[in-house]
Amino acid sequence: SDVSKEEREFTKEVLFKAATDAFKKDNTKGFLEGLLTPSEQLMLGRRIWIARLLIAGESQAQIGKKLKVGPNTIWKVEKWLQGQLPDYEKILQMSEDEQLHKKRRRAAKDNPYGLTALKLKYPMHFLLFPWPKI
C-alpha cells in the first residue's frame with residue numbers, strides 16, 4: 001500500500017519484460033526457479049492446474065477433493081479465467097502442444113532411424129504424404 005500506482009505499473013512492466021525475454025531464450029524454467037520461492041512456485045502451479053481442470057469441465061467439488069484446495073481458491077481461479085484472461089484456454093492448449101512436441105522429440109531420440117525421427121528432421125518430405133501422424 002506504500003507503493004504508488006506508477007511504481008506498481010513500472011514494476012509489473014519490468015517483470016513482464018523479463019519473463020518475455022526468458023521465454024524467448026527458452027529459459028523460462030530457470031527464470032521462474034530463480035525468481036520464485038518453492039512455495040510460490042507451488043501456489044502458482046496449483047492455480048494453473050486448477051484452471052486446466054476447470055477448462056476440462058471438472059466441478060469445483062471434484063477439484064477441491066482432488067487437489068485439497070478450498071472453494072475460495074477455485075472460485076478465484078474461475079473468476080480469473082472468465083474475466084482477466086478469457087483467452088487462457090488457448091495459452092494452456094499451446095502449452096500442451098509444446099509438451100506433445102517434446103515427447104515426440106524424446107521418441108525420436110530413442111529411435112533416431114524411425115519414421116517419427118525422419119519426419120521431425122525432414123518435415124518438408126512429408127508434406128504430400130503426412131504419414132506418420134506425429
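## Close-up views of a predicted all-helix model

**View 1. The side chains of glutamate 58 and lysine 66 come together in a salt bridge, with N and O 3.8 Å apart.** This is a predicted model, so take the distance as a computed one. Neither partner of this pair is tucked away: glutamate 58 counts as partly exposed at 25% relative accessibility, and lysine 66 is partly exposed too, at 48%. By the rule used here, the chain has 3 salt bridges; the other views of such pairs come next.

**View 2. In helix 1, lysine 12 pairs with glutamate 9 through a salt bridge of 3.6 Å, N to O.** Why are lysine 12 and glutamate 9 about one helical turn apart? The two sit 3 residues apart in helix 1, which means about one helical turn lies between them. Both ends of the bridge are partly exposed: lysine 12 has a relative accessible area of 39%, and glutamate 9 has 37%.

**View 3. Further along helix 1, aspartate 21 makes a salt bridge with lysine 17.** The closest N and O atoms of this pair are 3.0 Å apart. Here the spacing is 4 residues, so about one helical turn separates aspartate 21 from lysine 17. Buried, partly exposed or exposed: where do the two partners fall? Aspartate 21 is partly exposed, at 26% relative accessibility, while lysine 17 is exposed, at 51%. The cut-off for exposed is over 50%, so lysine 17 with its 51% lands in that class.

**View 4. Leu15, Phe16, Leu32 and Leu35 make a nonpolar patch on the surface.** Together these four side chains show about 340 Å² of accessible area. Which helices supply the patch? Helix 1 (5-24) and helix 2 (28-35) each put in at least two residues. Phenylalanine 16 is one of the patch members and is found in helix 1. With a relative accessible area of 45%, phenylalanine 16 is partly exposed. Patch residues need over 30% relative accessible area, so phenylalanine 16, at 45%, clears that bar.

**View 5. The largest nonpolar core has 10 residues.** Its members are Ile50, Ala51, Leu53, Leu54, Ile63, Leu67, Val69, Ile74, Val77 and Leu81. Helix 3 (38-55), helix 4 and helix 5 each bring at least two residues to this core. Which helix gives the most? That would be helix 3, with 4 residues. Zoom in on leucine 54: setting aside its neighbours within four places in sequence, it touches Ile63, Ile74, Val77, Glu78 and Leu81. Over the chain as a whole, 17% of the 134 residues count as buried.

**View 6. Lysine 68 has a positive phi, near 55°, and it isn't a glycine.** Where does lysine 68 lie? Look in the loop between helix 4 (60-67) and helix 5 (71-84). Lysine 68 counts as exposed, at 73% relative accessibility. On the helix 4 side of this loop you're in good company for confidence, as helix 4 has the highest mean pLDDT in the chain, at 92.

**View 7. Threonine 116 and arginine 104 are 7.4 Å apart in space, C-alpha to C-alpha.** In sequence, the two are 12 residues apart. Threonine 116 belongs to helix 7 (residues 115-121) and is partly exposed, with a relative accessible area of 24%. A word of caution about the neighbourhood in sequence: helix 6 (residues 88-110) has the lowest confidence in the chain, with a mean of 70. Where pLDDT is low, the predicted coordinates should not be read in detail.

**View 8. Zoomed back out, the chain holds 7 helices and 0 strands.** Following the sequence, the pattern reads α-α-α-α-α-α-α. The accessible surface comes to about 11100 Å², and 60% of it belongs to carbon and sulfur atoms. Among contacts with a separation of 6 or more, 30% are between residues 24 or more positions apart. How confident is the predictor, and what is the average pLDDT? The chain averages 80, and 83% of its residues score at least 70.

Key:
Residues numbered from 1 in each chain as written. Heavy atoms only, no water. Patch = residues over 30% accessible without salt bridge, like charges linked within 9 Å, V, L, I, M, F, W, Y side chains within 5 Å. Areas by Shrake-Rupley, 256 points an atom, 1.4 Å probe, with all protein chains shown as cover. Buried < 20%, exposed > 50% of the residue type's maximum accessible area, 1.4 Å probe, protein only. pLDDT = per-residue confidence, 0-100. Core = buried A, V, L, I, M, F, W, Y, C linked by side-chain atoms within 4.5 Å. Contact = heavy atoms within 4.5 Å.
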